[in-house]
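Reader: Could you walk me through a few features of a model and show me how to read each one?

Author: Gladly! Let's look at it together.

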Amino acid sequence: MLEKLKYITSKKSFHICMTIVIIAVILFIAGILILRYQVEGETNMPFDITKITLISTSDGVDKNQEGDNTNWAFDINQNNDIYIYIEKNDNYKEEEAIRSIIIDNLNVQKEKELGTVKFYRPNVEESGGNFSNTEENEVQSLEYTGGLESDIKNLVIGNQGGLIIFRYANNNVAEYISDVSTNNEITTNQLLKSANVNEEDLKSKLTFDISITTEEGKEYKANISLDVPIEGVVENGTVSREITDLDDIVFKRTKN
């Protein structure tokens with residue numbers, strides 16, 4: 001039996017078969033690792049997204065002109081403000097700092113072609129709150145740079161973590177007009193409801209890429225998808241939601 005085994009193992013065909021088996025096992029293991037990475041992505045990043053806050057609101061652009069026979073005349077915008085919280089990963093033991101964070105590939109898929117899609121950076125003016133739907137604030141992408149302290153208006157995030165924000169606006173979704181015989185008072189929270197906007201018509205899916213680059217030159221990228229606006233925006237005018245279940249956000253390393 002031993003002699004027969006020695007004879008088989010000494011044959012060239014046996015060595016070829018064993019080589020094929022070893023290569024097949026290596027390729028199988030590599031395939032499993034690649035598939036796992038595609039699903040799970042980076043499991044120990046230096047920085048993590050810990051929370052996303054959405055705030056859906058409405059506002060009106062006054063279109064009243066002197067001499068108009070109207071009491072109220074507004075073009076109505078539906079705004080969605082995105083706040084992304086980024087923190088240092090306590091399980092990442094190496095020293096690291098944020099060089100930049102980029103938001104790009106912004107895209108919106110609407111249920112209905114209603115309004116005009118615009119994206120805005122934080123308001124460049126000191127007054128007027130975090131956001132203002134003006135031309136000077138309009139962007140197609142935005143980049144936050146790492147600094148010692150966060151400065152949202154100047155697109156600076158703390159190099160050990162902080163907050164990045166931007167706005168997706170659906171401008172001119174409706175208009176509200178009342179004549180001078182109507183003495184009713186109206187607030188921005190009531191505009192969508194007063195204009196009889198159907199909330200189903202506002203539904204859309206916002207997607208974008210977020211890239212985190214560290215001072216060591218490592219780059220991580222993920223795609224984020226959000227359903228907006230938040231339910232109840234027509235009825236309530238202002239609604240918010242905190243997202244802490246972020247398992248579907250998968251970062252992959254794009255640069256070492």
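Reader: With which residue does Glu 138 form a salt bridge, and how far apart are the closest N and O atoms?

Author: Keep in mind that this is a predicted model. As a general idea, side chains of opposite charge can pair when their charged atoms come close. Here the partner of Glu 138 is Lys 118, and their closest N and O atoms are 3.3 Å apart. This pair links distant parts of the chain: Lys 118 belongs to strand S4, while Glu 138 sits in the loop between strand S4 (116-120) and strand S5 (142-147), 20 residues apart.

Reader: Are Glu 138 and Lys 118 buried, partly exposed or exposed?

Author: A residue counts as partly exposed between 20% and 50% relative accessible area. Glu 138 has 30%, so it is partly exposed, and Lys 118 is partly exposed too, at 26%.

Reader: How many salt bridges are there by this rule?

Author: The count comes to 8. Another one of them joins the side chains of Lys 193 and Glu 235, at 3.0 Å from N to O. Because Lys 193 lies in helix H3 and Glu 235 in helix H5, this pair ties together parts that are 42 residues apart in sequence. Lys 193 is partly exposed, with 44% relative accessibility.

Reader: Which parts are tied together by Asp 227 and Lys 205?

Author: Their side chains meet in a salt bridge with an N to O distance of 2.7 Å. Asp 227 lies in strand S9 and Lys 205 in strand S8 (residues 204-214), so the parts joined are 22 residues apart in sequence. Asp 227 is partly exposed at 49%, and so is Lys 205 at 31%.

Reader: Now the backbone, please. Which residues other than glycine have a positive phi?

Author: Among them are Asn 105, with phi near 55 degrees, and Asn 196, with phi of about 60 degrees. Their settings are worth a look: Asn 105 is found in strand S3 (residues 98-110), whereas Asn 196 is in the loop between helix H3 (191-194) and helix H4 (199-202).

Reader: Why does Asn 196 count as exposed?

Author: The cut-off for exposed is over 50% relative accessible area. Asn 196 has 68% relative accessibility, so it counts as exposed.

Reader: And is the peptide bond from Val 228 to Pro 229 cis or trans?

Author: For that one, check the omega angle. The bond from Val 228 to Pro 229 is cis, with omega near -5 degrees. You will find Pro 229 in the loop between strand S9 (219-228) and helix H5 (233-236).

Technical notes
Residues are numbered from 1 along each chain as its sequence is written. This is a predicted model: local features need pLDDT of at least 70, side-chain atom pairs count only at pLDDT 80 or more; totals for chains, interfaces and linings use all residues. Side-chain values use heavy atoms; hydrogens and water are left out. Helices (H or I, at least four residues) and strands (E, at least two) are DSSP runs, numbered from the N terminus. Buried means under 20% relative accessible area, exposed over 50%, partly exposed in between (1.4 Å probe, protein chains only). A salt bridge is a side-chain nitrogen of Lys or Arg within 4 Å of a carboxyl oxygen of Asp or Glu.
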